[in-house]
Amino acid sequence: MARVLIACEFSGTVRRAFRKAGHEAWSCDLLEAEDGGEHLVGDALDAVLHDGPWDLMIAHPPCTHLAVSGARWFKGKQREQTRALDFVRALLDAPIEHIALENPVSIISSKIREPDQIIQPWQFGHGEVKATCLWLKNLPTLKPTDIVDGRRPRVHYASPGPDRWKERSRTLSGIAGAMAEQWGAVI
Ligand SMILES: C[S@@+](CC[C@H](N)C(=O)[O-])C[C@H]1O[C@@H](n2cnc3c(N)ncnc32)[C@H](O)[C@@H]1O
């Protein structure tokens with residue numbers, strides 16, 4: 001049974017998928033877990049250092065200051081951007097054998113390095129489009145599990161309101177299941 005840290009996850013989606021596959025998975029976020037599951041509230045870098053050892057970390061750091069879709073807001077945000085990139089670098093450099101870091105198309109590609117893979121929800125059973133980049137350390141690229149019709153932009157699924165960002169950022173269950181099945185077999 002491997003110990004798995006799901007960094008920057010409030011939904012518990014990836015944590016539940018790894019638990020279902022028999023691993024000791026914990027999510028960690030500055031926010032409480034919305035499902036009341038096994039969860040550490042606080043900075044993910046503290047969880048890396050103080051709650052390990054971890055065999056695998058899957059990290060979903062905030063993309064607010066990094067996503068290319070928000071490029072028109074970049075001006076005057078250099079400090080936030082530098083801080084966000086430093087957080088990504090620290091996660092990628094964490095002393096953990098297997099690491100995956102997920103983000104939309106973002107300046108991580110130009111400022112740190114190109115992603116190892118770009119996946120789409122429609123490759124994993126959700127009829128939606130949202131390019132999701134994966135930066136991988138000692139992990140294979142994810143194989144599509146269920147290619148379906150439907151190419152609706154993911155953003156259309158979020159209703160307006162203060163929790164819109166949560167709806168848009170929640171990891172999809174098909175992708176979480178593929179991570180647990182395929183990467184759980186590696187660790
Ligand atoms: C893009 S969302 C990812 C949501 C995730 N996909 C899910 O299904 O819950 C980024 C998350 O990172 C969290 N976060 C930001 N800074 C953090 C930190 N230093 N340590 C842990 N979590 C952090 C935010 O609270 C937010 O929930």
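This is a short walk through a predicted model, from one of its strands to its salt bridges.

Let's start at strand E4, residues 56-59. In a regular strand the side chains alternate between the two faces of the sheet. Here, Leu 56 and Ile 58 lie on one side, Met 57 and Ala 59 on the other, and all four are buried, leaving both faces of the strand covered.

E4 also has partners to show you. Strand E1 (residues 3-7) runs parallel to E4 and is joined to it by four bridges; Leu 5 has Met 57 as its bridge partner. Strand E5 (residues 98-104) is likewise parallel to E4, again with four bridges, and Leu 56 is partnered there by His 98. If you trace the chain from E4 through helix H3 (residues 78-92) to E5, you follow a right-handed β-α-β unit.

Now for the charged side chains. Side chains of opposite charge can pair when their charged atoms come close. The model has eight salt bridges. One of them joins Arg 19 and Glu 38, at 3.6 Å from N to O. This pair links distant parts of the chain, 19 residues apart: Arg 19 sits in helix H1, and Glu 38 in the loop between strands E2 and E3. Arg 19 counts as partly exposed because its relative accessibility is 29%, and Glu 38 is partly exposed too, at 31%.

Arg 170 is worth a stop as well. Its side chain meets Glu 34 in a salt bridge of 2.8 Å, N to O, connecting the loop between helices H5 and H6 with the loop between E2 and E3, 136 residues apart. Arg 170 also forms a salt bridge with Glu 167, with the closest N and O atoms 3.1 Å apart. Elsewhere, Arg 15, Arg 16 and Asp 35 are joined into one network by salt bridges that share partners.

Notes:
Residues are numbered from 1 along each chain as its sequence is written. This is a predicted model: local features need pLDDT of at least 70, side-chain atom pairs count only at pLDDT 80 or more; totals for chains, interfaces and linings use all residues. Side-chain values use heavy atoms; hydrogens and water are left out. Buried means under 20% relative accessible area, exposed over 50%, partly exposed in between (1.4 Å probe, protein chains only). Helices (H or I, at least four residues) and strands (E, at least two) are DSSP runs, numbered from the N terminus. Two strands pair if DSSP finds at least two bridges between them. A crossover is right-handed if, with the strands pointing away from the viewer, the path from the first strand over the helix to the second runs clockwise. A salt bridge is a side-chain nitrogen of Lys or Arg within 4 Å of a carboxyl oxygen of Asp or Glu.
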